Amino acid sequence: MEFTRLRVLELAPGETYGFACGDAEWIVLPLTGSCEVRYTDTPPSPSGPPDPARDGSPGLDPRVDPDPEPDAEPFPDGGSGLGSGVDPDPEPDPEPFPDGSAGPFADLLAGGAVRGAVDGPPQVFRLEGRGGVFDGPSDFAYLPRDGRAEVGSARGGRFALAGARCERRLPARYGPAGAVPVELRGAGTCSRQIHNFAAADVFPCDRLIAVEVLTPGGNWSSYPPHKHDEHHPGEESRLEEIYFFEIAPHDGVPGLGYQRVSPSPAGKTDVLAEVRTGDTVLIPDGWHGPSIAAPGHDMYYLNVMAGPDATREWLIRDHPDHGWIRGTWPGLAVDPRLPFPRAEDPA
């Protein structure tokens, strides 16, 4: 994929994974378990002037990631990296929204202080995470390009690194779970739940857009089929997309689902895939949907998107043969199994 990046880490207790951010911005998102993230800025290269950023400003040194898939490394002190006395959150936590405010990152979304952080000691973010992807939104950490990061977990777990090639270096920062907007989309058998943790109008990034989607067993999600592979101002944006799946088991039996991608006028991607936990579907172009959850097996997927357009926005065009389904939703109730986690579920 040209713009999007995804790595999924399976860390054993006490294990650490180190990597160079390179030319991409990253979000560390716990899927299962908690972790500590250390980020260190790397000074710009003195070898030559940086290329201009896409906003016309001087920009930052656009060095290519010299180590796109590095081996896990220990923290500098040789330990697991946990239990450090460094302040895990040097800035105050933003308040949750919606509460009538513009949200905790309003200044950055409005084009505020986005020119980057200064060099210095590691910034440390301790992410509480969650028991699993169906246990509600998670907190997360945003890491800018041109730095180096380490992810360590005292008890182990699974962690997604969602990334996008970008030009600007924004500040490293913490995203609290309580500030993630939760949306119930669709109705009836097309009901699903969206965690808009890094949606374009929620959390500021340079290129990256990322959300989580949870679909009750038997429902169709990512429907009607839609696309975003052409630039039509105000109507459609150009975005690659990665789907990463986890499927809930039932009575100990592993689950499955299906993902469809069909060719669009601007693309050739043609996929009908059976998906299980840990599977990934790459969508450089095309109409995508439905994502079908087998009865009895709830479906989760992480969407990672980025593209070449000057404006970071999620604009989609429905398939002309199936877009009519949206018109039926106002008369239908949302699936009563939503939202996850449900009130009767144990804490």
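Two strands count as paired if DSSP finds at least two bridges between them. I start my notes there, since the model I have open is a predicted one and the pairing of its strands is what I looked up at the outset.

**Entry: the S14 and S19 pair**

I asked which residue of S19 is the bridge partner of Phe244. The partner turns out to be Leu302. I then traced the two strands as wholes, and found that S14, residues 240-247, and S19, residues 299-306, run antiparallel and are joined by eight bridges.

**Entry: the sheet around them**

I followed the pairing outward and came to an open sheet of six strands, in the order S9-S10-S11-S19-S14-S17, with antiparallel pairing. Its edge strands are S9 (182-185) and S17 (280-283), each of which pairs on one side only. From one strand to the next I read an average twist of 20°. As a reminder to myself, strands of a sheet pair through backbone hydrogen bonds, in either the parallel or the antiparallel sense.

**Entry: the S17 edge**

I looked at how S17 is held to S14, and noted four bridges in the antiparallel sense, with Ile242 having Leu282 as its bridge partner in S17. The side chains of S17 alternate along the strand: Val281 and Ile283 point to one face and are buried, whereas Thr280 and Leu282 point to the other and are not.

**Entry: the N terminus**

I went next to Met1, which sits in the segment before strand S1 (4-11). What does Met1 contact once its neighbours within four places in sequence are left aside? I listed Glu240, Glu241, Ile242, Leu282, Ile283 and Pro284. The C-alpha atoms of Met1 and Ile283 are 8.6 Å apart in space, although 282 residues separate the two in sequence. I asked myself why Met1 counts as partly exposed; the reason is that its relative accessible area is 36%, which lies between the 20% under which a residue is buried and the 50% over which it is exposed.

**Entry: the second largest pocket**

I noted a volume of about 370 Å³ for the second largest pocket. Its lining comes to 23 residues, and those nearest its centre are Arg185, Asn196, Val211, Met305 and Trp314. I checked which elements give two or more residues to this lining, and these are S9, S10 (192-198), S11 (209-215), S14 and S19.

**Entry: cysteines**

How many disulfides does the structure hold? I counted zero. I also looked at two cysteines for burial: Cys35 has a relative accessible area of 6% and is therefore buried, and Cys190, at 7%, is likewise buried.

**Entry: cis peptide bonds**

I found the peptide bond from Tyr223 to Pro224 to be cis, with omega near 5°, and placed Pro224 in the loop between strand S12 (220-221) and strand S13 (226-227). Another cis peptide bond joins Gly289 and Pro290, where omega is about 5°; here the proline belongs to a strand, as Pro290 is in S18 (residues 287-293).

I also followed Pro224 to Asp321, and noted that their C-alpha atoms are 9.0 Å apart in space while the residues are 97 apart in sequence. Asp321 lies in the segment after strand S20 (317-318), and with a relative accessibility of 53% it counts as exposed.

**Entry: two aspartates with positive phi**

I looked up Asp146, which has a positive phi of about 65° although it is not a glycine, and located it in the loop between strand S5 (140-143) and strand S6 (147-152). Is Asp146 buried or exposed? Its relative accessible area is 3%, so I recorded Asp146 as buried.

Asp251 is also not a glycine, and its phi is positive at about 50°. I placed Asp251 in the loop between S14 and strand S15 (257-262). Its relative accessible area of 72% is over the 50% cut-off, and I therefore entered Asp251 as exposed.

**Entry: the chain as a whole**

I closed with the totals. The secondary structure of the protein chain comes to one helix and 20 strands. Of its 347 residues, 52% are buried. Among contacts with a separation of 6 or more, 81% are between residues 24 or more positions apart.

Conventions:
Residues numbered from 1 in each chain as written. Predicted model: local features only at pLDDT ≥ 70, side-chain atom pairs only at ≥ 80, totals over all residues. Heavy atoms only, no water. Buried < 20%, exposed > 50% of the residue type's maximum accessible area, 1.4 Å probe, protein only. Contact = heavy atoms within 4.5 Å. Axes fitted to C-alpha atoms, helices over the stretch in contact; angles between N-to-C directions. Disulfide = S-S within 2.5 Å. 1 Å grid on protein atoms, 1.4 Å probe; cavity = no way out; pocket = protein on both sides within 12 Å on 5 of 7 lines; lining within 4 Å. Points joined across faces, edges and corners; volume = space filled by probe spheres on them.
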